[in-house]
Amino acid sequence: MAPSVPLLSATSVTKAYAGVPALSGASLVVAPGEIHALMGENGAGKSTLIKILAGVVAPDTAEITVNGERVSIDSTKAAYRLGLRFIHQEFNVVPTLSVAENIFMGRRYPRRAGLLVDWKSLNREAQRALHRLGIDHIDPSQNLGELSLGDQMLVRISAALLDDAKLYVMDEPTAALTRDESERLFRVLREIRASGSSVLYVSHRLDEIMALCDKATVLRDGRSIDSGALSNITHDDLVSLMIGRKVEEAYPKATAQPRETTVFAASGLATAGLNPVSLSLREGEVLGIAGLSGSGQAELIRAIFGDAKLTAGTMTLSGAPYAPSSPAAAWQSGVAYVPRERRAEGLVMRRPIFENITLAHLKRQSRAGTWLTPNREKRFAAELGANMRLKAVGPAQDVLELSGGNQQKVVFAKAVAGNPRLLLLEEPTRGVDVGAKFDIYSIVRELTAKGAAVILVSSDLPELIGISDRIAIMRQGEITTTVDAAGLREDDLINLCYGRATGMVA
Amino acid sequence: MQLFIRRYGTLIGFVAILIFFSVMLPGTFPTARNWLNITQQTSMLMVVAAGMTIVMVMGDFDLSVGSAASLAGIVAALMMAAGQPIWAAVAVALLVGLLGGAFNGAMVSLVGILPFIATLATMTMFSGIAFVVSGGKTISGRAIPEDFGNFARGGIPLGEWGGVAISLPNLSIIAIVVVLAVWVLLEQTTYGRRLYAIGGNMEAAHLSGIAVKRLRLIAFSLTGLAAAAGGLMYASRVASANPVQGSGLMLNAIAAVFLGTTMSRHGEPRILATVVGVIVLGVLDNGLTQMSVDSYVRQVLVGALILLAVAASSVTQGRR
């Protein structure tokens, strides 16, 4: 194989969904032995391109070669035979089967006497696959569902690495991984590169891409905008390439300071997973919640949102007692919520945009609380959507067809549609690209300017520091300390989360 | 093309069936009288399937509708046999259906039992109760007031057609009214919108402030009510009641809703699609009977048709 022959080349790739172009002449060329980043905003066409390579989606037109030979990938089997492996966020796993069974799914299990599954060697082989990633804390006989999301991702990755393939395509593999786990993954990816295979790496985390990848292809609006070595481009240039304009700030400036009036206060709030927590928010204030995952952030949000049984404590909203018995009561009182998992918790994927937005506000978005007024709803949704730069065919388009960032905007539209007094956000920009992130932060700013208060739970530390006025640190179901966000550095925040002294505890 | 088949395959198949029977039975099939007959024959199934659509919109099932229909018929017949007025017997029978449905709803939404298991259990329970209260006997003859049986035979005269007096049967009118009511409920009210949201994503619906438990309970109650109505219509049609007469309704109702789902965008149940599903089953039954096809062969054909329709609708969905 001559070095000039690309491992994979896909050119003139076009694909339209129901007349709306997702790809219009994109191209991607991956050389052997490189880690190649595929970048672009949500909706730029990355997922469509990957799905075409995986044989899940049929392109309208495409010229694809592997090792210089013209191929057509018309099924996932074809992609597999060509040596392409895909590690995707929503990859098929069976949580009720063991780790080892999941790793060997679709492969031949080791047999005894040609008939019975040799469980011992199955587990041993799985252990070996995990070891390759330096993982020794996962028991292969454990049910996959018992593992943390990060560990599940590691299992999927080790399964894909099991046999030697030519190209590994990874879509946001580190989204649920800790720093250490990510580092281990990167080590393996570099090994893969050294062995002459290649990696196509998709991520919104620019730092990772700059550190890990050799080359990058940037997609925008379904076209390949640029492709080249990463060694001679800056972080900011890369962002401008992706969003098609110069970036000044990652976070929109606050236009108003928090006011003096208290909007929300909780005192001694406790549930099954939450030790007594007290906090208060003023009008226009954003309170960030930091902490290691599982420190009680989710429980706090659920308690405020009426989705957990309080064992103690009281809350007030705008001075009046607030004791929601259900999320329905919380919405009624003017508390809105953007959940952590937009697909599982935030959206009804197979319903139109406008139905998703008005779902929490049907009482007001109907006649007499009973009779639907779809035309009015659509106008309302279209207005809200335009305001947050939602990219969609129209308010009647199914949420399913939107890109991740635009789906998240629909979740936000639902949250702000009732002019909430208190907005609860959990990981509001996870898996959302730079441009849509800025739009989402602008929505938050707009809301606080009107006097609403916001509680922001996030594991994205720059986001916490950039958007919050104050940051409360949670550990083991308690708020251990609260600090001003202005001037806070990331490492200080990390130390606070781990409970290490920094000398700046407020 | 694939999309076209997926979306309209069932309708095209339906039209093909109509053409087939019209050619084979030119004298009897494509006549107003026969069609009015079909609407009457399918009216019970129509009512029960309309009720079934409500729970299936949420992604649930109700396997107990057949037993509930039998039980309602038995309750009404027993009361009439005991000399109670017809209106009271009908009201109590409907109430029994509503409460039975509410019991299903409570098991599913409050206790959290899977609908399949909960309604499988109540299916046997309702059937057992019907046997116990009736002593396992068919209640008929003079025990049933003539007016009750006459209702099903009556209708609104529509004039003459081809020299024969035809009328719109009362049972068909009830079916139309129930379908309209369910259509309004599912397509025009916030309640229906919320049910579809529950069917699409229960957790998202809950977090969007939808009282999932209460709505599910109401939905099952309505399905029970419709089942009881279907049972009463059946009892009126045959002027008698026995503890198993509704048993065939459940599978046919689910089959009709499933046939309907092959016509909707994302495979969700729609009431008007259910209507088409019921009519497809009714036309097949009617036409094949007229062609003197053996009833067991008929069963095979109907089953095959359902498989074909669902298979055609998953032509494109399979590749995902």
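This short talk walks through the domains of chain A, its contact with chain B, and one helix, H17. Please keep in mind that we are looking at a predicted model.

Let's start with the layout of chain A. The domain assignment splits the chain into domain 1 (8-243), domain 2 (249-334 + 421-428 + 452-501) and domain 3 (340-418). Between the centres of domain 1 and domain 3 of chain A, taken over C-alpha atoms, there are 32 Å. Where these two touch, domain 1 gives 5 residues and domain 3 gives 7 residues. On the domain 1 side, that makes 2 nonpolar, 2 polar and 1 charged.

Now to the partner chain. Here 24 residues of chain A are in contact with 19 residues of chain B. On the chain A side, the elements giving two or more residues are helix H10 (327-332), helix H11 (342-346) and strand S20 (371-372). By type, the residues on that side of chain A are 14 nonpolar, 5 polar and 5 charged.

Finally, have a look at helix H17 of chain A, residues 490-498. Which of its residues are buried? They are A:Leu493, A:Leu496 and A:Cys497. Viewed down the helix axis, the buried residues fall within an arc of 100°, so they line one face of H17(A). As a reminder from the textbook, an α-helix has 3.6 residues a turn, so residues three or four places apart point the same way.

What lies over that buried side? The cover includes strand S15 (286-290), helix H16 (461-467), strand S23 (470-475) and strand S24 (478-484) of chain A. On the face turned away from it, A:Asp491 and A:Tyr498 are exposed. Just past the helix, A:Gly499 has a positive phi of about 80°.

Methods: Residues numbered from 1 in each chain as written. Chains lettered and ligands numbered in written order. Predicted model: local features only at pLDDT ≥ 70, side-chain atom pairs only at ≥ 80, totals over all residues. Helix = DSSP H or I, 4+ residues; strand = E, 2+ residues; numbered from the N terminus. Nonpolar A, V, L, I, M, F, W, Y, C, P; charged D, E, K, R; others polar. Buried ≥ 20, exposed ≤ 12 C-beta atoms within 10 Å, placed from the backbone. Arc of directions from axis to C-beta. Domains from an automatic or database assignment.
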